[in-house]
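The following note concerns domain arrangement and chain contacts. Its points are numbered for ease of reply.

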Amino acid sequence: MEAILEMRNIVKRFGDVVANDHVNLKVRKGEIHGLLGENGAGKTTLMNVLYGIYQPDEGEIIFEGRKVRFKSPRDAISAGIGMVHQHFMLVPRMNVLQNVILGYRTPSDPLINHKWVESKVEKLSEKYGIDIALYEVVMNLSVGEEQRVEILKALFRDVKLLILDEPTAVLTPQEVDSLFYALKSMTKSGLTIIFITHKLKEALKVTDRITVLRKGKNVGTVITAETSERELARMMVGRDVVMDVAKPEVEFGREVLRVEDLWVKDDRGGFAVKGVSFSIREGEIFGIAGVSGNGQKELEEAIAGLRTPARGKILLDGKDITKLGVEKRNEIAYVPEDRIGVGLAPSLSVLENLMLKDFKKYRKGLVLDYEKMEERAKELIEEFSVKTPSLHSPASTLSGGNIQRLILARELSRSPRLIIASQPTRGLDVAGIDYVRRRLVESAAKGCAVLLISEDLDEIFQISDRIAVIFEGEIRGIMERKEADYERVGYLMAGGLEVAV
Amino acid sequence: MRWNYLAPVISIVASLAVVGVMLAVMGINPLEAYIVMFSRSFASKFGLAELCVKTTPLILTGLAVAIPLRAGLWNIGAEGQLYMGAFAASVVALYINLPEFLVIPLMMAAGAIFGMGWAAIPAFLKAKFDLNEIISTLLLNYVAIYWVEYMVYGPMRGKEVYNFPYTDLFPDAATLPRFFGTRLHLGFLIAILIAIAIYHILKRTDFGFAVRVVGANPRAADYAGISRQKIIFYSMLLGGMLAGIAGMIEVSGIQLRLRPAISTGYGYAGIPVALLASGNPLLVILSASLFGFLYVGGSALQTTYSVPVAIVYVFQALIVLFIIGGQSLRRGD
Ligand SMILES: Nc1ncnc2c1ncn2[C@@H]1O[C@H](COP(=O)(O)OP(=O)(O)O)[C@@H](O)[C@H]1O
Ligand SMILES: [Mg+2]
């Protein structure tokens with residue numbers, strides 16, 4: 001099969017960072033080509049170079065047999081390349097139709113020929129099974145729908161090559177399935193797709209061939225049908241990885257956390273958590289699955305003591321803590337979703353961040369005993385292998401994985417009864433993910449109760465004992481992991497209701 | 001990181017350059033003018049003493065801004081706090097009969113308490129209702145300044161002042177000792193000791209730790225169970241206290257009575273002093289000296305070239321602009 005695109009020896013530097021280091025990529029016409037790599041591997045950069053957002057420092061691009069040089073996305077679009085970014089770029093206040101034709105000249109330009117647009121969109125929708133209400137304002141759409149608008153926008157411009165940057169990160173399993181279906185049908189009508197992901201299972205499921213990037217370098221291209229999860233993981237990480245932390249079966253002890261009919265308001269004053277009840281026992285990991293923004297943040301903050309519930313009760317070891325402040329909830333460890341914005345004072349040192357909750361314990365007379373604090377901090381850094389140039393470097397200089405280790409070190413070392421871990425592995429590399437999950441499982445084994453809140457279903461299924469689904473502030477079904485399956489959880493995550501059997 | 005050290009230097013040099021251009025436009029050779037400023041401040045014992053005299057209140061108001069700034073708050077009210085401190089100290093000096101050795105300590109305590117009380121109002125409003133402290137501290141300045149004016153035109157006007165809006169001179173026991181036959185007084189030493197003490201408080205105590213966390217990331221403070229309200233309240237109070245002491249020192253060391261305009265904008269100058277020192281109490285001593293130099297040099301310019309003293313405020317404003325401008329430029333990249 002002929003190549004539609006060839007990128008040769010692409011080099012792109014940002015200051016000292018070499019984001020793309022002599023990368024080669026060859027994409028065949030009509031295939032779905034996976035671009036796989038960990039966070040920071042350089043996938044987005046490579047595609048931004050192709051799309052004309054960045055100019056490469058070295059290397060050349062050959063598109064449809066001709067050497068090209070795109071000075072801006074406009075050039076790339078007119079050559080027939082479309083890109084759906086990791087973060088969508090729609091105008092929230094405009095409707096779908098306006099967004100689709102933004103920057104596009106319809107035949108009656110400067111007037112907009114609505115009929116013409118409608119019929120063109122209709123044809124596309126039919127062909128690829130992408131359904132969307134044209135006159136709905138983008139603000140009111142779900143994330144999945146927004147993504148469809150982005151795709152439609154690209155298709156509308158008759159692209160030959162469509163780039164999707166981590167398109168599944170924000171979707172429910174059902175939405176992922178329908179996206180994959182649409183992608184397959186696009187390739188059948190001759191389109192070529194570059195599909196960026198860091199999830200092995202997805203790459204294996206939907207692509208024809210896969211190119212793996214690691215630390216800005218091209219590791220190799222494999223045929224999907226001939227590879228395996230293990231091989232891909234090795235290519236991605238550079239060594240063998242054991243990918244299954246498993247939660248051992250343990251006898252659960254006493255009940256640690258009990259939440260009764262909890263109602264919590266969000267910042268705008270509406271109810272984000274609506275009558276949630278559940279309990280977690282010693283040794284148990286309770287996973288709450290759900291698409292972000294369904295009340296998880298408010299729920300975790302209420303339990304951690306950062307947000308006062310409007311109604312309901314929170315009991316820790318039988319004691320009512322609903323009204324207590326954070327400082328009186330020392331038995332709760334909290335790994336917040338927004339690590340840098342909430343869990344850290346980035347401009348302060350690693351030492352200060354490690355001592356964020358315990359510094360008062362180091363009072364000696366009028367002043368703090370910094371020597372003792374440093375000693376303790378050193379132990380923690382050792383135990384949790386936080387890589388930092390020194391105790392006195394600002395925490396903001398640490399990598400994402402090390403920031404999470406720092407937070408874990410602080411939180412888990414305070415011998416908590418309950419651990420709230422919210423999206424604890426989001427944005428981490430494979431090694432980091434593995435480390436965090438292992439720590440959570442270990443803590444549970446030692447008798448902690450763990451509340452795991454995550455969008456990542458693999459994570460939920462991998463280490464939870466029981467699984468609950470949250471949708472629009474309500475818990476939709478709590479099940480033992482053994483009884484749960486992806487379809488059922490995904491269905492509930494998307495707002496489906498459980499029918500009594 | 002290097003920017004942190006370079007920024008103040010660049011701002012100062014840039015301000016010097018702009019003021020130089022302005023002087024040139026007025027027909028004054030800027031180089032000569034700067035030499036005049038220098039020789040008047042450094043070439044004699046009296047010059048040096050004046051430098052210290054001007055630096056003294058600036059150290060304290062600089063700290064009064066710097067401490068809340070470390071907690072992420074803007075205390076624009078040091079001027080008013082200074083006036084209230086001066087007022088309270090004057091009341092003690094003039095109307096309360098005390099054993100002599102107690103007069104100065106009690107004046108200082110009264111100044112501290114009134115400065116603190118004046119800061120407590122915006123601090124409370126901020127902690128409780130999240131009312132913007134910039135506005136409340138600024139507006140309270142006018143109240144304090146006019147209050148002092150009212151007092152010296154009215155109830156506190158002295159018997160021996162021929163209708164001037166002054167109080168009577170303080171008794172000797174209520175004035176700070178002076179040295180070397182100059183106006184240099186004990187207040188200078190007190191200000192420096194206070195700066196050193198504040199440095200250690202911020203660096204070593206749990207209060208200082210909490211202030212740093214609140215200033216660095218208020219949400220992390222909430223998360224860690226550090227009471228943001230308390231820190232806001234106390235850091236503002238501490239700042240007000242120091243500004244109040246500055247007021248006491250000004251009346252007891254220099255003016256020797258209460259009158260309007262005891263401060264030539266020391267409270268406002270505390271803002272660039274604190275910014276230039278990026279909130280570090282020890283560096284505040286340095287940046288206060290720089291501004292003290294500007295005051296002394298500025299009046300030298302006035303007497304030599306009859307340039308209005310306003311040039312000093314132009315200079316101050318430029319430094320603030322350059323620092324803030326530099327910061328936003330840095331954020332832009
Ligand atoms: N605009 C930029 N400026 C500086 N560094 C960047 C920029 N974009 C990406 N990088 C760096 O380049 C590397 C690759 O990033 P990216 O292409 O976003 O990775 P991926 O998409 O695979 O997660 C990372 O180290 C990232 O920090
Ligand atoms: Mg990316």
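1. Domain bounds here come from an automatic or database domain assignment. On that basis, chain A is divided into domain 1 (3-237), domain 2 (245-331 + 416-501) and domain 3 (342-415). The C-alpha centres of domain 1 and domain 2 of chain A are 34 Å apart.

2. This is a predicted model, in which local features need pLDDT of at least 70 and side-chain atom pairs count only at pLDDT 80 or more, while totals for chains, interfaces and linings use all residues. Residues are numbered from 1 along each chain as its sequence is written, and chains are lettered from A and ligands numbered from 1 in the order in which they are written.

3. Between domain 1 and domain 2 of chain A, 8 residues of the former are in contact with 11 of the latter (C-beta atoms, placed from the backbone, within 7 Å). On the domain 1 side, helix H6 (173-188) and helix H8 (229-237) of chain A each supply at least two residues; helices are DSSP runs of H or I, at least four residues, numbered from the N terminus. H8(A) gives the most, with 3 residues.

4. That side of domain 1 of chain A comprises 4 nonpolar, 3 polar and 1 charged residues. Ala, Val, Leu, Ile, Met, Phe, Trp, Tyr, Cys and Pro count as nonpolar, Asp, Glu, Lys and Arg as charged, and the others, Gly among them, as polar.

5. Between the chains, 14 residues of chain B are in contact with 22 residues of chain A. Helix H8 (206-216) and helix H9 (218-223) of chain B each contribute at least two residues to the chain B side, and H8(B) gives the most, with 5 residues. The chain B side that touches chain A divides into 6 nonpolar, 3 polar and 5 charged residues.

Conventions. Contact = placed C-beta atoms within 7 Å.
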